[in-house]
Amino acid sequence: GKVLPARLKRKGEVEVQKIQNMEENVFMKELADAVNASPHNSLMVLVFGYKDSFELTAIKAAYFAYLLDINTPVLLFDWPGDQPVSIWGYKKAQNLAKESGPYLGGTLIKISREIKPKKLWVEASSLGCQVVCNSFEYMVKHKDFCDPDCEIDQVILSAPDVGENEFDLQFKEEIMSLSENLTVYVSSNDEALLMSGLIDQEKKLGRTTENETKQEQLEEMKDLLYLQSLHPGKINLVDVTPINNASYNHGYYMEAPEFYDDFYMRVLGKDRNINRRLYLIKNKEGTDYWILRSH
């Protein structure tokens, strides 16, 4: 059922047991050993969003890895998102997310060059997606890093708190130039992204419009399918509205079993048709729009 990491933390059932500083070379050696010992020779990098402290973010990362159960080392990239819950605090977190992008980009470049995992997966949620977008903006400036071989196997954005126009005009091409696949999970009932869109006066990538008629729904899908039309086969859009009953209709990436099932299959490269919870709609342009549904 729904068991949030924050609830486990309040009960004292989960906590950070030990914190220690490590020299960078020691850290990279331990990370390389973990990657080489993993069955997929893989590494998953997690980036979470706005509001939570480092301790709770670390607990969320462990919780995410436990539920996903994919048997891979997990690296949490933390950034100063623990800002006050206010309009001012949110705007400050937004700026810090953009400023943190180059630091994540530098980390991913270092991992790719020195550790060379066969599978490098990057998953971000909410405002953490802004960090990831700006990290790619940083990485594409390094010409020696931009070779024909994609450095990152999967980029997965869950409830992305990123302006749709900004993503369309800039970030999507940068991400696709360095990654093999991009999956974006969206929802029409996401209240948190509704609020952030009102604050910024722009539509967010992770929130579709809630429509009353089937025709309006199809028109909304066409609005989103601009992503797939440019990179057929490499970009996937998954609408999680039918299974999104999370807190503020936003945290499905920490609560919905259906999300973890779909995520698992995408990361391992399984055929999407294997997931019987996926409902496929094809429009006349020939692109696919997946809807994730419950039992």
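Start by selecting Cys-129: its relative accessibility is 0%, so this residue counts as buried. This is a predicted model, and every stop below is a place to click within it.

**Stop 1: the cysteines**

Keep Cys-129 on screen and add Cys-133. Cys-133 is buried as well, at a relative accessible area of 0%. What separates the sulfur of Cys-129 from the closest cysteine sulfur? The gap is 6.8 Å, and the partner is Cys-133. A disulfide needs the two sulfur atoms within 2.5 Å, so 6.8 Å is too far for a bond. Turn the question round and the closest cysteine sulfur to Cys-133 is that of Cys-129. A search of the whole structure finds zero disulfides.

**Stop 2: the whole chain**

Zoom out and switch to cartoon. The protein has eleven helices and eight strands. Colour by burial next: of the 295 residues, 52% count as buried. Now show contacts. Take those between residues at least 6 apart in sequence, and 74% of them join residues at least 24 apart. Finally, show the surface. About 14500 Å² is exposed, with carbon and sulfur atoms supplying 50% of it.

**Stop 3: a nonpolar patch**

Stay with the surface and select Met-22, Val-26 and Phe-27. Together they form a nonpolar patch with about 220 Å² of accessible area. Phe-27 sits in helix α2, residues 24-37. Is Phe-27 buried, partly exposed or exposed? Its relative accessible area is 30%, so Phe-27 is partly exposed.

**Stop 4: the aromatic rings**

Hide the surface and show Phe, Tyr and Trp side chains. How many aromatic pairs does a search of the whole structure find? There are nine. Pick out Phe-48 and Phe-64, an edge-to-face pair at 6.5 Å centre to centre, with 75° between the planes. This pair links distant parts of the chain: Phe-48 lies in the loop between β1 (42-47) and α3 (54-68), while Phe-64 is in helix α3, 16 residues apart. Both Phe-48 and Phe-64 are buried.

Hold Phe-64 and add Phe-263. Their ring centres are 5.5 Å apart and their planes lie at 80°, so this pair is edge-to-face. It also joins distant parts of the chain, with Phe-64 in helix α3 and Phe-263 in helix α11 (residues 257-267), 199 residues apart. Check the burial values. Phe-64 has 0% relative accessibility and counts as buried. Phe-263, at 1%, counts as buried too.

Then widen the selection to Phe-48, Phe-64, Tyr-185, Tyr-252, Tyr-253, Phe-259, Tyr-260 and Phe-263. These residues form one aromatic cluster.

**Stop 5: along helix α11**

Select α11. Which of its residues are buried? They are Glu-258, Phe-259, Tyr-260, Asp-262, Phe-263, Arg-266 and Val-267. An α-helix has 3.6 residues a turn, so residues three or four places apart point the same way. Step just past the end of α11 to Gly-269, which takes a positive phi of about 75°.

**Stop 6: the salt bridges**

Show the charged side chains. The count comes to 13 salt bridges. Begin with Lys-119 and Asp-153, whose closest N and O atoms are 3.6 Å apart. The pair spans distant parts of the chain: Lys-119 in strand β3 (residues 119-125), Asp-153 in strand β4 (residues 152-158), 34 residues apart. Lys-119 is partly exposed at 33%, whereas Asp-153 is buried at 17%.

Move to Lys-203 and Glu-164. They form a salt bridge, the closest N and O atoms being 4.0 Å apart. Here Lys-203 lies in the loop between α7 (191-200) and α8 (214-224), and Glu-164 in helix α6 (residues 164-178), 39 residues apart. Lys-203 is partly exposed at 31%; Glu-164, at 7%, counts as buried.

Next, click Glu-202 and Lys-204, whose side chains meet in a salt bridge at 3.9 Å, N to O. Glu-202 is partly exposed at 30%, but Lys-204 counts as buried at 3%. Add Lys-91, Asp-161 and Asp-200. Salt bridges that share partners join these three with Glu-202 and Lys-204 into one network.

**Last stop: Lys-234**

Select Lys-234, in the loop between α9 (226-230) and β6 (235-239). At 23% relative accessibility, Lys-234 counts as partly exposed. Add Leu-182. The two residues are 52 apart along the chain, yet their C-alpha atoms are separated by 6.2 Å.

Key. Residues numbered from 1 in each chain as written. Predicted model: local features only at pLDDT ≥ 70, side-chain atom pairs only at ≥ 80, totals over all residues. Heavy atoms only, no water. Buried < 20%, exposed > 50% of the residue type's maximum accessible area, 1.4 Å probe, protein only. Patch = residues over 30% accessible without salt bridge, like charges linked within 9 Å, V, L, I, M, F, W, Y side chains within 5 Å. Areas by Shrake-Rupley, 256 points an atom, 1.4 Å probe, with all protein chains shown as cover. Helix = DSSP H or I, 4+ residues; strand = E, 2+ residues; numbered from the N terminus. Phe/Tyr/Trp six-rings, centres within 6.5 Å; stacked < 30°, edge-to-face > 60°. Contact = heavy atoms within 4.5 Å.
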